[in-house]
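Please walk me through this model stop by stop, saying what to select in the viewer and what is found there.

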Amino acid sequence: MVDIYLIRHTNVEVDASVCYGQTDVGLAPNYQEEFEALKAKLPEFNNAVCFSSPLIRCKLLAEFLAGPNCVYDERIKEIFLGDWEMKSWEYVQANLFMNWKGDFVYNKSPNGESYMDLYKRSIEFYEEVINNTNLDVVIITHMGVIRAIITHVLGMQVSKAFNMKLEYGGISKIEILPVKTQLLYFNR
């Protein structure tokens with residue numbers, strides 16, 4: 001049996017009305033307290049491997065939880081929003097949104113990537129990890145990546161990923177057994 005813990009980074013120091021995707025934004029000023037609260041919800045890891053997005057909002061949490069023993073992987077970065085990065089959602093909807101909203105899974109943001117691009121790289125990462133370890137796994141990443149992995153595990157349509165709300169600092173757990181893989185909890 002292998003347990004996979006999917007952890008979304010904690011609150012960021014960016015207003016919720018701003019698209020920040022892969023922009024390397026900082027964490028909210030109270031991030032240390034949020035780290036402590038998140039750690040209290042996790043078991044003690046004796047033999048686990050840690051993977052993290054290299055973006056600072058994940059990297060700081062990875063260092064807090066795993067010290068220097070975390071592997072950083074570009075494939076589990078958030079979606080790249082291209083020209084939308086650091087623009088307000090209001091601006092995006094007024095000026096750039098029309099081409100994207102018709103099919104938000106396959107259409108790319110201008111000079112960015114589609115959700116399917118993120119999905120493919122996230123699942124490539126996930127399959128590589130589960131096929132190469134017998135240890136528990138901690139993955140510190142972003143909402144888009146976690147949604148992608150969970151839709152994959154549950155065999156859901158990719159478009160259904162957007163029906164999942166995931167809080168900052170939310171933890172989800174997947175259990176891999178010899179005969180099945182199951183989502184034990186989501187957004188705890």
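A salt bridge here is a side-chain nitrogen of Lys or Arg within 4 Å of a carboxyl oxygen of Asp or Glu. The model is a predicted one. Side chains of opposite charge can pair when their charged atoms come close. The whole structure contains eight salt bridges, and the tour starts with some of them.

**Stop 1: R75 and its partners**

Select R75 and E124. Their side chains meet in a salt bridge, with 3.0 Å from N to O. The pair links distant parts of the chain: R75 sits in the loop between β3 (70-72) and α3 (89-95), while E124 belongs to helix α5 (residues 115-130), 49 residues apart. R75 has a relative accessibility of 15% and therefore counts as buried, the cut-off being under 20%. E124, at 49%, is partly exposed. Salt bridges with shared partners join D73, R75, E124 and E128 into one network.

Add D73 to the selection. R75 forms a salt bridge with D73 as well, and the closest N and O atoms are 2.8 Å apart. D73 is buried, as is R75.

**Stop 2: R121**

Stay on helix α5 and select R121, which is found there. Is R121 buried or exposed? Its relative accessibility is 14%, so R121 counts as buried. The side chain of R121 reaches the backbone oxygen of K77 at 2.7 Å. Show the surroundings next: leaving aside neighbours within four places in sequence, R121 is in contact with a set of residues that includes Q22, E74, R75, I79, F80 and E113. R75, from the previous stop, is thus among the contacts of R121.

**Stop 3: N132**

Move on to the loop between α5 and β4, where N132 is placed. With 60% relative accessibility, N132 counts as exposed. The side chain of N132 reaches the backbone oxygen of E128 at 2.7 Å; E128 is also a member of the salt-bridge network of the opening stop. To see the distance to a later stop, select Y185 too: the C-alpha atoms of N132 and Y185 are separated by 23 Å, and the two residues are 53 apart along the chain.

**Stop 4: D3 and K173**

Select D3 and K173. The two form a salt bridge in which the closest N and O atoms are 3.6 Å apart. D3 lies in strand β1 (residues 2-8) and K173 in strand β5 (residues 171-176), so the pair ties together parts that are 170 residues apart in sequence. Both D3 and K173 are buried.

**Stop 5: helix α6**

Select residues 143-154, which make up helix α6. This helix has twelve residues and reaches 16 Å from its first C-alpha to its last, close to the 16 Å expected at 1.5 Å a residue. How many of the residues of α6 are buried? Nine of the twelve are, and the helix is mostly covered. Among the buried residues are G144, V145, I146, R147 and V153. To see what covers them, show β1, α5, β4 (136-141), β5 and β6 (181-185), which are included in the cover. Then step past the end of the helix: α6 is followed by G155, which has a positive phi, near 70°.

**Stop 6: aromatic pairs**

The structure holds six aromatic pairs. A pair of aromatic rings is described by the distance of the centres and the angle of the planes. Select Y31 and F35, an edge-to-face pair with 5.2 Å centre to centre and 65° between the planes. Both residues lie in helix α1 (residues 31-40), four residues apart, about one turn of the helix. Y31 is partly exposed at 26% relative accessibility, whereas F35 is buried at 1%.

Now go to W84 and W89. Their ring centres are 6.3 Å apart and their planes stand at 70°, so this pair is edge-to-face. W84 has 0% relative accessibility and counts as buried; W89, with 31%, is partly exposed. Return to Y31 and F35 and add F64: these residues form one aromatic cluster.

**Stop 7: arginines over rings**

Select R8 and Y168. The charged end of R8 sits over the ring of Y168, 4.0 Å from the ring centre. Finish with R188 and Y185: R188 lies over the face of Y185, at 3.6 Å from the centre of the ring.

Technical notes: Residues are numbered from 1 along each chain as its sequence is written. This is a predicted model: local features need pLDDT of at least 70, side-chain atom pairs count only at pLDDT 80 or more; totals for chains, interfaces and linings use all residues. Side-chain values use heavy atoms; hydrogens and water are left out. Helices (H or I, at least four residues) and strands (E, at least two) are DSSP runs, numbered from the N terminus. Buried means under 20% relative accessible area, exposed over 50%, partly exposed in between (1.4 Å probe, protein chains only). The expected span of a helix is 1.5 Å times one less than its number of residues. Contact means heavy atoms within 4.5 Å. A polar contact is a pair of N or O atoms within 3.5 Å; within protein, one must be able to donate a hydrogen and the other to accept it, and residues adjacent in sequence count only if both atoms are side-chain atoms. Rings of Phe, Tyr and Trp (its six-membered ring) pair if their centres lie within 6.5 Å; planes under 30 degrees apart count as stacked, over 60 as edge-to-face and the rest as tilted. A charge sits over a ring if NZ of Lys or CZ of Arg is within 6 Å of the ring centre and within 35 degrees of the ring normal.
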